[in-house]
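Please look over the sequence and the structure shown below. The paragraphs that follow go through strand pairing, one residue's surroundings and the aromatic side chains.

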Amino acid sequence: MNTKIRAFSRHALAAAAFLALAGTAQAQLSTSTIQGQISSGTAAAQAGLQVTAKNTANGNTYRTTTRADGSYVLVGLAPGSYEIRVEGPGGSQKTQVVTVQVGETATLDLALGGSGQQVTIIGTLQRKDVRTSEVGTTISRKQIELLPQVTRNFLSFADLAPGVRFDVDQGSGQVKLQSGAQNQDNVNVFIDGVGQKNYILRGGISGLDSTRGNAFPQSAIAEYKVITQNYKAEFDQVSSVAISAITKSGTNDFHGDVFFDRTGTNWTAKDPFEKKAEASGIKRPNTSQDQYGFTLGGPIKQDVLHFFIAYDGKNIEEPRQVVAQHVDQIPANAGIVPGLLARQGATKSSFKENLLLAKLDAQIDADQKFELSARYRDESDHIPEDKLISLPGNELDRANTENRVTLKHEWSRGDFLSEARLGYEDYTWNPHSAADTPLIRYLASPTTNINNVVDVLLDGGSPNMQRRKQSGVFVSEDLSYTGLAGHTMKGGVKVKDLKFDLSGTFRGVDSVRTIIDKTTGQPYYNSSNGNCLGTSPETTGGRVTKTDQCQIDLAVAPAGVSFKNQQLGLYFQDDWKLNKQLELNLGLRWDYETNALNDDYATPADRVAALRALDVERSGIKPAPGQTYAQSLAKGGIDIEQYIANGRSRKAFTGAWQPRIGFSYDLKGDRASVIFGGFGRAYDRAMANHALDEMQKNAQPGGEIWLIKNDHKMPFTDQFSLGLRQAVGVWNTEVAITRSHAKNQFNWFHGNRDPNGGYGTQSSIDPLWGGPSGYGSLVLGDFVTQAKTDVLSIKAEKPYTSDSGWSVSVAYAYSDAKTTHRSWTNDIFNWTYGKPGQGGWNPSLDVDKHRLVATGLTDKVLPWGIALSGKLTYASGRIRQITDCSAGWSSCVYRVGDKDDLTQFDLTLAKGFSLPIGKLTIRLDVLNLFNTITYGGYDDWGGGPGNPQNYLGGDNANLGTPNSRGAPMRTYKLGLSFAW
């Protein structure tokens, strides 16, 4: 590690030199830019005129002077409304108020008239942000406040950007944010310019891996921007969707609000599965979902110091109907069966969350500003092992806690702006069982054999017991320079010191699979002594752990690993305005990590010895005399020595160079027609949890062997875009074609091969199970999978204005998505990678070919002050993968199944009542107004007519039958809020 620290120190010194030498662009994560040309009559105004922007809410001011050609650039503006002043020879006069949004580069040309006494804006404000190469969509505060939703998750509006999906699993409540076939781990959300990256788990954003909660209090979000292509060099640790959000701040007036929302099962239509359960006598329980919170902000000192606090809380009671399956295969009135069936019925799964943001901002003097923010998150989420067959108590408590503190200092002087940040983060994910008793999976079997069974019910504790923690500090510096005519330059460096504490076990309690005898009704498991019963007993540690009718996987002791990782990021961006029409965006980024995947790890000696030992007969094939297991693997194209680590064999990846180049060309110079495009590369990173998987599995005596390839790569995406923005009356329209080609996606895959280097008689879709003699399966990890998505996107928006009182947006995407993953997903497990006949590109299960999202809102058009908004979502459906074994087990193949379209319309009505001390608003949200049914999954296993291998014998009668709901049924939510 000392060598790595020295290397990192050298890189950090090089970073300081880089920043010092870089002239410094208007790429911005949390701020905005106003630029333009100042003229006087028909002539350009002279250099040195002072241009001032004053925030109308808190009095913060930003200043610059005109350059030699009369142009000006105001950088680092907090999104909001500003009064623009130009101090000319004949005095100064404020203009109309200009509003800029997060990440926006607004082009505002100003004209001085009458000796400088009059300042006017040239062109329409509706088109001020069209000269950008980014492919992005801004979500306004008005949309966040008025558009319909139930979860109060601000990210749920990210799908207003073409091709972006915000999905909520209707079984677990888990959230997934994704664009195209790219891995959902490659997204990132930046809150006030600070990335919320999840370094240890899936989902891209800390706390998004497995939760029904929200990553951030929606009441604290002012607005955000969704960028899918051509983000500039300032954006790090993202190669898919980048979301830049800005939080609210206190103003010169005291403002606040309180809110309370409620929905529940009585306000939600029954889905087909709930109706089926009720038909069998199991009613749906009465449950509720409550959301509540407040905001408060105001001045501590006018124009100088302000505070803001936001709190969001959530309580969810998720209904569940426990229904035993395949009861026709067990006796209803014998043995334990009556007792088990009596425990069927209605139950609830609970969730509780608290989110808090506190913020102080201060303008120390004309040149300096400070901002301090602190965030807290705590949640507990009880989730059953299986929503349908888990008896009460068979649950996992998914705990999430997170704390973040960030201090930002801005200093401006002349043509320079310095933005320095210091931050701390601490995030812990801790799923653990709600009970410490063994997990018992009760099974039915027509042949009374443990290998030919179906599930009946689950009981006992959850085996999952994990603890993951990322913590650390970072410091960053971004320096902008606007003194060179035609150029807005920005350079930056970020250094982050992280620690990963990863521990736990995938089986914290014994996991029992036992058949219920179809005559006696008794299980083949003795719970009093923890032994299996039945024929052909096998023992482990003095216990009978396997018979023909029962199997026990014994609990595995927790294991853990802790390691540190230093990160360094450098970038330089030049937004070069060649003339009134053409602008180039030229950026370059480089990222480096010292220890992303526990590079000091050494493969245990027992595993190394087994891999290098003599091979034995496997799959009916005898090895040649003296042939080792490693030599058998080599015949199959696997050099196992590339995976065996000795504590020095793994090196940090240093090749993360990322050019990002874009352009915009204003055809007539009036912002009515703008051609834009670009290409670039964006690197992300792999989850640290892979290192824990490797260490945990290898810590089990005689268990599986998991190895990560020593030659670490990092996932990245190459992006290309070309489009046209066109003004059509009051509408802004855009059409674009984009390509994303993601490479080096990490996957685990089965590495076992027979002594001839092949797969024996395994089905074409199955790996060769097993490993070296005396051990379980060999599982290898490498950066091997690719995904690509070609998109044609069309957008049209009529922005909201206070004069019109309404807005409409339409976003359509046609996507052609493919992946090299053998299961057609973006999962981290790609079991048959390397198997002949399974290569090439496959259709992606994660992308709708057609997707349309349209919204509309108004708060002035309807009578009696009623606000109305709606959201229509149509998706042509993602393909289904059917496992077809109609030709026999050795000939199973995947085939495409019919798609299930999604059409959902959501509606909101709100009415405000003015009171002497504030405004009371009553709001009704209706999700899925027309109660359309969309299924989330199907029984797609073992399909095909004449299949004699089905687990109950004969054809699979359930083939193609829906087994889960994919979208909510009609849901009503009532909300009350009071603002002052």
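Two residues are in contact when heavy atoms lie within 4.5 Å. The model is predicted. Under that contact rule, and leaving aside neighbours within four places in sequence, Phe416 touches Trp411, Leu479, Ser480 and Tyr481. Phe416 belongs to strand 25, which covers residues 416–433. Its C-alpha atom is 5.6 Å from that of Ser480, although 64 residues separate the two along the chain. Phe416 has a relative accessibility of 39%, so it counts as partly exposed, because that class lies between the 20% and 50% limits.

Further along the chain, strand 50 (residues 902–915) and strand 51 (residues 918–927) run antiparallel and are joined by nine bridges. Two residues lie between these strands, and together they form a hairpin. Strand 51 also pairs with strand 55 (residues 971–979), in the antiparallel sense and over nine bridges. Leu920 of strand 51 can be followed in both directions: Phe913 stands opposite Leu920, and Phe978 is the bridge partner of Leu920 in strand 55.

The aromatic rings form 25 pairs. In one of them, the ring centres of Phe746 and Trp748 are 5.2 Å apart and the planes meet at 90°, so this pair is edge-to-face. Phe746 is buried at 6% relative accessible area, and Trp748 is buried at 0%. Both belong to one aromatic cluster with Trp706, Phe783, Phe829 and Trp831.

Charges over rings complete the picture. Lys697 lies over the face of Trp706, 3.7 Å from the ring centre. Trp806 has the charged end of Lys798 over its ring, at 4.5 Å from the centre.

Definitions and conventions: Residues numbered from 1 in each chain as written. Predicted model: local features only at pLDDT ≥ 70, side-chain atom pairs only at ≥ 80, totals over all residues. Heavy atoms only, no water. Pairing = 2+ DSSP bridges. Helix = DSSP H or I, 4+ residues; strand = E, 2+ residues; numbered from the N terminus. Buried < 20%, exposed > 50% of the residue type's maximum accessible area, 1.4 Å probe, protein only. Phe/Tyr/Trp six-rings, centres within 6.5 Å; stacked < 30°, edge-to-face > 60°. Lys NZ or Arg CZ within 6 Å of the ring centre and 35° of its normal.
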